[in-house]
Amino acid sequence: MKKEKQRWNLNHELQCYKICVCNLSIPYDLHRIAQHQSCDIFKNPPIVLHLVDIYNVIEAFRENGLNTLEPQSEVSVARLETLVSSLYHNLNKRLPTAQQVPVDSKASLLLNWLLAAYTTDNSGKIKVFSIKVALATMCAGKLVDKLR
């Protein structure tokens, strides 16, 4: 059986949340969202970028040659996928074997989230500055280091 990549359906979750907020007579969706958040987010964080240090993000940008690009230039999905995968591969090099994360599923979740958050015209391209801001915001590190 072929293993399918997990996809985080941001639009569905937001739609359920909007329905719940606007019409409180639908308790099932609210309960489902609360249960989903408590199970997935707190027990098994979906993206685990809190384990990635800001210096590892900078190193991944350098490895993939994104540090030389202008902030307004756009990056293709293939290049973004390489960047995200290298983040998780480097993370697994630092973690003990028992705590390693599944690279494919975590990279897929982060990639889909970045695409959903930062592409508006479905061109499949994201600005370098948007990637830097998103990853720097979600990773671990001191605020002073992130603002450099």
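**Exercise 1. What volume does the second largest pocket have, and which residues line it?**

Before starting: this is a predicted model, where local features need pLDDT of at least 70, side-chain atom pairs count only at pLDDT 80 or more, and totals for chains, interfaces and linings use all residues. Residues are numbered from 1 along each chain as its sequence is written, and side-chain values use heavy atoms, with hydrogens and water left out.

*Step 1.* Start with the term: on a 1 Å grid over the protein atoms alone, a pocket is an open set of points where a 1.4 Å probe fits, with protein on both sides within 12 Å along at least five of seven lines, and lining residues have an atom within 4 Å of a point.

*Step 2.* Now the volume, the space filled by probe spheres set on the points: it comes to about 370 Å³.

*Step 3.* Go round the wall. There are 13 lining residues, with I54, I58, D145, K146 and R148 nearest the centre. Sort them and you get seven nonpolar, one polar and five charged.

*Step 4.* Assign them to helices (DSSP runs of H or I, at least four residues). α3 (54-63), α6 (128-138) and α7 (143-146) each bring at least two residues, and α3 gives the most, with six.

**Exercise 2. Is F61 buried or exposed, and what is it in contact with?**

*Step 1.* Find F61 in helix α3.

*Step 2.* Check its accessibility: F61 is buried because its relative accessibility is 5%, and buried means under 20% relative accessible area, with exposed over 50% and partly exposed in between (1.4 Å probe, protein chains only).

*Step 3.* List its contacts (heavy atoms within 4.5 Å). Skipping neighbours within four places in sequence, F61 touches L66, N67, L83, V128, I131, K132 and L135. Using the same filter on L135, you get L49, V57, F61, L83, L87 and L110.

*Step 4.* Zoom out to the largest nonpolar core (buried Ala, Val, Leu, Ile, Met, Phe, Trp, Tyr and Cys residues joined through side-chain atoms within 4.5 Å). This core has 31 residues, and F61 and L135 are among those with the most contacts inside it. Two or more residues come from each of α3, α4 (77-94), α5 (103-118) and α6.

**Exercise 3. How many aromatic pairs are there?**

*Step 1.* Take the rule: rings of Phe, Tyr and Trp (its six-membered ring) pair if their centres lie within 6.5 Å; planes under 30 degrees apart are stacked, over 60 edge-to-face, the rest tilted.

*Step 2.* The count is one. W113 and Y118 pair edge-to-face, 6.3 Å centre to centre with 80° between the planes.

*Step 3.* Check Y118: with a relative accessible area of 32%, Y118 is partly exposed.

Terms used: Nonpolar A, V, L, I, M, F, W, Y, C, P; charged D, E, K, R; others polar.
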